[in-house]
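Trainee: I am new to this structure, and I would like to understand what earns each descriptive term its place. Please take me through the reasoning step by step.

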Amino acid sequence: MSKKDFIKSLKSKQTILSYAFLIIGAISIHISLKSLFSHGNSLIAFQFEKFETISLFITNYWLLFSVFTVFLVGAIFKGIVFKPSAASYMPVEIHFLKPALSFPNELFLAKLIKIAVKNLIYLLIVFLIFVNPFLDALEYTIILRAVLFTASYLLLLILMAFESLAFFIKSEVIYHYRIKNSIKLLLVTAFILVIGCTGIIAFGIPFLPTTIFINIFYVTLFGNSFLDLIIVLIFYLVAYFIVSFILLLIISHHYYLYIEDYNDLPGGSKFFPLKNKFPKIPPFLPRKFFSMFYKDIIVNLRTIYVQILILSFIVFSILYFTSSFVATLVFTASPIFNAPIELFIFTLLTFLLSPITIHSFSDDLICAWLIKTAPIDFKSVFNAKLAIYLILTLLSTAPIFILVISLAAQPILQTTLITLIIIESFLYITIGINISIVYSPDIPGKEFPFSGFVAYVVLFILVTIPLFLIFTVDFYNFKIFPIKLVASLVYASVIYSLILIISKDKFYQRVERS
Amino acid sequence: MRTSTILEVKNISKRYKHTTALNNVTLSASAGTILGLVGPNGAGKTTLIKILAGIIRPDEGTVIINGVNVITDYGKIQHKIGYLPEKIFVYPTLTGYEFLRFVAGLYDIPEDLFDDRYELYLDIFKMGEYVEEPLGTMSKGMLQRVVLASIFIREPKIYLLDEPFYGLDPEGIWILKKILREKAREKALVLVSSHILPLVEEFCNKIVILHHGKKYIEGTPQEVRSRLGAMTSLEDAFIKITGNAGDTF
């Protein structure tokens, strides 16, 4: 978000209120986590005794390794399939800014720095609110916290660089393949391979940057005893960072000088093998609703978010069904999820991991003329999106939820959890669609404003508090569960109706403005 | 005469924050008319078409299409309206074929009917294999053809086309004119806005010139020319109305 947009957004009372709630919410979560990991619950405090935690992490090295490898592969995959946001120029930038540049890759680098600074702020917030209480419980010193933060940020930068590198290398290869310059194609490939292999062999760097990061994390668990080893590992990450950014400088310069105009591939639409797959709608089904539904399925399947989501789902499912890490987690997780408050925080946080719904209306606002003039009522459009994003969100969060439901020892806990997940996800998607209508940028390709994310989080937390209160009344009494279920369903339907009315008004307001 | 009037616009006004886009505009057209809407930039052409298409509401006035008040009962008439916006934004990852199927679904066109019309307009607009490309990768002209095909596949009775010729090559313009003339012969109303004045003069049988949000003149191309004096073309008339082009040379 530019400075101008930020100042403009601050003038809105809604945004100020959202930020205020977010700060209060963040402080509350921080305090809850702190008390959870240290003094609040003696059982949990016992589970987080340092030795047991270390042994738990060591047993799950491969789980962490797999998760971080997914991040790394995901970043490269994203770069191959789509243009990174730093390399995506808006028309105004192409027509007015680009001709005025001193170096062809200047604009790209400026955008990259902007994203790097923004990511630094986000990481700092995540560290202070969510990670710090956990590190308190593990008795981390200030130096170790700084080390872990630096390593996390370096890894983030390296992933950014890898994503952009993947995009530029792919473009170079396609360019040389198209102009049938096989010698240059071979040279480019050889150059990259030689640089990569030389770096890894010469510096004795462990293979992947994610592996180095996990190693740093593991070594910090043992306190200051292995500080010299930590420094060496950090230097490996720094080396990765420097080499990848030097490569990025060279390749981006070449790309913007020779290739961009020739090889400016829009989107990644050709990646997904879904050519002309709009299915025929059987006559007994409501055609308008299913047209919208199918359109959303196709559009979503061709976005990187959903492709990565499906990939992650497959990876996590394989891990879940093939490894034995579940058994070790039962030991610590079970007491944690006996308490309703933790259950509530857990479901909230899990949903917030998958905020894809905020893009649900982005394209439809740009094509608003089509929706507005077509004989389809807004409710059908809204419900079609509700259905598709409900499926996607439940799909993306399913591995975590399945794991936790299987860990919950008592039937009441499992039943409450399943009910909460279904109703919360319904509300989460409903709110997400509304946020998408209100906050999606007017200009195609412009990134979603941060105030939209803030409003989403705040609204979701506020809306789910009554739901949580309904379920915590006499939590362990199974007899009154049907009453709670009916009450929560009534509450959810009231919220749905309200949001539907507000969304309809907002949508038509935006259509008129466009 | 009254029965054949398909479009009646009465005293339409629309104001934005600092400007008046339309000021008390009244016009009418009967079935089979090809109505050309011309005027300089900011004259209110796009605003008028958007109001007729039910996208925005006027501050004052009424719009009756086929006996239905568009402002209050838009739902009753929208399936009969085919609207083409000035700036075409569509789903960039959908292919041309998928987009056409999607629109057909929204307008409840039966599958077999869609298949027949799809083949017909695929051939007429010469879309060929381009129709299987994502819309985001298409040229302006090809995108225009796909979106126009999506309108014709529905076979509406009122065509509201904002700058339909812009971006089309000469062959595309020729095809579009041919189809629209056919539709007018089938008693449809065709309303086009355009900056290409010789084309409007040759193609339309009725012209409305808008200037500063007001209707300046309405009539056949011959009437418009004769009422504005001894002008040789619509272009001369337009220049006379809208500015002092002569002063700058």
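Mentor: Gladly! Let us start with contact: two residues count as being in contact if their C-beta atoms, placed from the backbone, lie within 7 Å. Please also keep in mind that this is a predicted model.

Trainee: Which residues of α10(A) and α11(A) meet in that sense?

Mentor: From α10(A) come A:P209, A:I212, A:F213, A:N215, A:I216, A:V219 and A:T220, and they meet A:L229, A:I230, A:L233, A:I234, A:Y236, A:L237 and A:Y240 of α11(A). Sorted by class, this contact has 12 nonpolar residues, two polar ones and no charged ones.

Trainee: Why are α10(A) and α11(A) called roughly antiparallel?

Mentor: Helix α10 spans residues 209–220 and helix α11 residues 227–259 of chain A; they pack at an angle of about 160 degrees, with axes 10 Å apart. The cut-off for roughly antiparallel is an angle over 145 degrees. The two helices pass it, and therefore α10(A) and α11(A) are roughly antiparallel to each other. Their crossing is left-handed.

Trainee: What makes α20(A) roughly antiparallel to α21(A)?

Mentor: Helix α20 (residues 450–472) and α21 of chain A cross at roughly 170 degrees, and their axes come within 9 Å. Set against the same limit, that makes α20(A) roughly antiparallel to α21(A). On the side of α20(A) the contact uses A:V463, A:P466, A:L467, A:I470 and A:F471, while α21(A) brings A:K484, A:A487, A:S488, A:Y491 and A:I495. Their classes are eight nonpolar, one polar and one charged.

Trainee: Let us turn to the sheets of chain B. What is the strand order of the open sheet of four strands?

Mentor: The order in this sheet is β2-β1-β4-β5 of chain B, with antiparallel pairing.

Trainee: Why do β2 and β5 of chain B count as edges?

Mentor: β2 (20–30) and β5 (68–69) have a single partner strand each, so one side of each is left without a neighbour in the sheet.

Trainee: How do you know that β4(B) and β5(B) pair?

Mentor: Pairing needs at least two bridges between the strands. Two bridges join β4 (residues 60–65) to β5(B), and these strands run antiparallel. Within this pair, B:I65 stands opposite B:V68. Between β1(B) and β2(B) there are seven bridges, again with antiparallel strands. There, B:T5 has B:S30 of β2(B) as its bridge partner, and a hairpin of four residues links β1(B) to β2(B).

Trainee: What lies across β1, β2 and β4 of chain B?

Mentor: That is helix α1 (residues 45–52) of chain B, which runs at about 60 degrees to β2(B).

Trainee: Which strands make up the open sheet of six strands, and in what order?

Mentor: In chain B the order is β6-β7-β8-β3-β9-β10, and the pairing is mixed. Here β6 and β10 (214–219) are the edge strands, each pairing on one side only. Neighbouring strands are turned by 15 degrees against each other on average, direction ignored.

Trainee: How many bridges connect β6(B) and β7(B)?

Mentor: Four bridges join β6(B) to β7 (residues 158–162), in the parallel sense. One of the partnerships is B:G82 with B:Y159 in β7(B). Helix α1(B) packs on this sheet too, touching β3 (34–38), β7, β8 (189–193) and β9 (206–211), with its direction at about 150 degrees to that of β7(B).

Trainee: How many residues bring the two chains into contact?

Mentor: In chain B 30 residues are in contact with 28 residues of chain A. On the chain B side, β6 (81–84) and α2 (96–106) each supply at least two residues, and α2(B) gives the most, with six. That side divides into 16 nonpolar, nine polar and five charged residues.

Trainee: What does the predictor say about the complex and about each chain?

Mentor: The complex has an ipTM of 0.85 and a pTM of 0.72. Chain B has a mean pLDDT of 86, and 94% of its residues reach 70 or more. Chain A averages 76, with 71% of residues scoring at least 70. Among the elements of chain A, α21 (residues 481–513) has the highest mean pLDDT, 91, and α14 (residues 325–336) the lowest, 43.

Trainee: Where in chain A does pLDDT stay under 50?

Mentor: One such stretch is residues 263–273, for which the model has 19 contacts beyond four places in sequence. Where pLDDT is low, the predicted coordinates should not be read in detail.

Terms used. Residues are numbered from 1 along each chain as its sequence is written. Chains are lettered from A and ligands numbered from 1 in the order in which they are written. This is a predicted model: local features need pLDDT of at least 70, side-chain atom pairs count only at pLDDT 80 or more; totals for chains, interfaces and linings use all residues. Axes are lines fitted to C-alpha atoms, for helices over the stretch in contact, and angles run from 0 to 180 degrees between N-to-C directions. Angles under 35 degrees count as roughly parallel, over 145 as roughly antiparallel, 65 to 115 as roughly perpendicular and the rest as oblique. A crossing is left-handed if the near helix is turned anticlockwise from the far one by less than a right angle, and right-handed if clockwise. Ala, Val, Leu, Ile, Met, Phe, Trp, Tyr, Cys and Pro count as nonpolar, Asp, Glu, Lys and Arg as charged, and the others, Gly among them, as polar. pLDDT is the predictor's confidence in each residue, from 0 to 100.
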